Amino acid sequence: MLMCRDLADIASDYIDGELTNRQNLSVKMHLMMCKHCRTFIGNLRASTDLLKVHASRQENEELIRKIDERVAEALGARKSESDGCK
Amino acid sequence: MDTSTHPDPQGSLIEDLKRGNSFAYKEAVREYSPGMLAVARFYLDHSSAEEIVQDCWVTVIDAIQKFEGRSGLKTWLHRIVANRCKNKLRSINREVATDFSESLDPELADRFNAKGRWDLPPKLKFHESADTLMENDALSGCLDKHLSALPETQRSALMLYEAHQHKSEDVCNILDINASNLRVLLHRARQKIFLMVETFQETGKC
């Protein structure tokens, strides 16, 4: 029988739909009977959603500025080369 | 325009990049660099990772001419970064060391009794939606702090899977790990964030 600890171990796989049908069924059966695990799964899912939103907002302005400079320089050099060939 | 090899609107961005359009480069750099940095950080320290990402963009100016659209632009860029990082690691004779042994976080594992039932169950439900929670600046700052404290391998896997929405298969290819190891990295990282949010909600402290 699936215990709470076992469920916590495979909780991300359950959230992402990565379990086999059999595993999925035993998680669902356990969740019907266990309030604590229902709260845990709900909170882990909420944490995952939070991460998605937060991580996609992360930017690195300084790195982007440096890359823009190097790309502009390289594009400029390429253009002068091709102009020189004409 | 031939759209058989790449779907719009990315197709037009790729055509602009091939033409050397500087605005297209600015757009692509802003869109794709955070993910490229996440890939590089899996393999290298922060400053080497930033250098690799900068070098890659310079390489892309020529390499994009040969891009045929067999994969998406994002996956193609991430693979270039990964290959460069792997070459660099080979040149300095180093490997990425990662512990894939336990999927349950030790702090969470301690909350179960010997029979495998909850000893210290989660008390509160996280009611609010992610967008509402993110409006809390203190929580957002706390998330930054805890994301920075994650091992690089966990953070990179998390960034590529959650923020940059790669499929598992692509993350495994880019990071050179197998599917079960990716599952361990993702689960470990999510549990850390779960524990952080729980502490924050219960105590208001980070």
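Select residues 4-38 of chain A, which UniProt, in an unreviewed entry, annotates as "domain: Putative zinc-finger". UniProt positions follow the numbering used here, feature names are shortened, and annotations may be inferred rather than shown by experiment. The span is 80% helix and 0% strand, with its end C-alpha atoms 10 Å apart. Helices (H or I, at least four residues) and strands (E, at least two) are DSSP runs, numbered from the N terminus.

Before going on, note that the model is predicted: local features need pLDDT of at least 70, side-chain atom pairs count only at pLDDT 80 or more, and totals for chains, interfaces and linings use all residues. Residues are numbered from 1 along each chain as its sequence is written, chains are lettered from A and ligands numbered from 1 in the order in which they are written, and side-chain values use heavy atoms, with hydrogens and water left out.

**Chain A against chain B**

Show both chains and select the residues in contact (heavy atoms within 4.5 Å). The selection should hold 44 residues of chain A and 54 residues of chain B. Between them the chains bury about 4,700 Å², and carbon and sulfur atoms give 64% of that area. Buried area here is the accessible area (1.4 Å probe) that two parts lose on being put together, summed over both.

Next, display the salt bridges, each a side-chain nitrogen of Lys or Arg within 4 Å of a carboxyl oxygen of Asp or Glu. The structure holds 22 over all chains. Ten salt bridges cross the interface of chain A and chain B. Zoom in on Glu18(A) and Arg183(B), a salt bridge whose closest N and O atoms are 4.0 Å apart.

Then turn on polar contacts: pairs of N or O atoms within 3.5 Å, where within protein one must be able to donate a hydrogen and the other to accept it, and residues adjacent in sequence count only if both atoms are side-chain atoms. Between chain A and chain B, 15 residue pairs are in polar contact, both residues at pLDDT 80 or more. On the chain A side, color helices H1 (4-9), H2 (11-15), H4 (35-57) and H5 (61-85), the elements that give two or more residues to the contact with chain B. H4(A) gives the most, with 18 residues. By class, this side of chain A has 20 nonpolar, ten polar and 14 charged residues. Ala, Val, Leu, Ile, Met, Phe, Trp, Tyr, Cys and Pro count as nonpolar, Asp, Glu, Lys and Arg as charged, and the others, Gly among them, as polar.

**Inside chain B**

Hide chain A and select domain 1 (10-91) and domain 2 (106-203) of chain B; such bounds come from an automatic or database domain assignment. Their centres, taken over C-alpha atoms, are 27 Å apart. In contact are 13 residues of domain 1 of chain B and 16 residues of domain 2 of chain B. The two domains bury about 1,200 Å² between them, 59% of it on carbon and sulfur atoms.

Three salt bridges link the domains. Select Arg41(B) and Glu152(B), whose side chains meet in a salt bridge (2.5 Å, N to O). On the domain 1 side, helix H2 (22-43) and helix H4 (73-91) of chain B each supply at least two residues. H2(B) gives the most, with seven residues.

Finally, select residues 142-193 of chain B, covered by the UniProt annotation "domain: RNA polymerase sigma factor 70 region 4 type" (unreviewed entry). This stretch is 83% helix and 0% strand, and its end C-alpha atoms are 10 Å apart.
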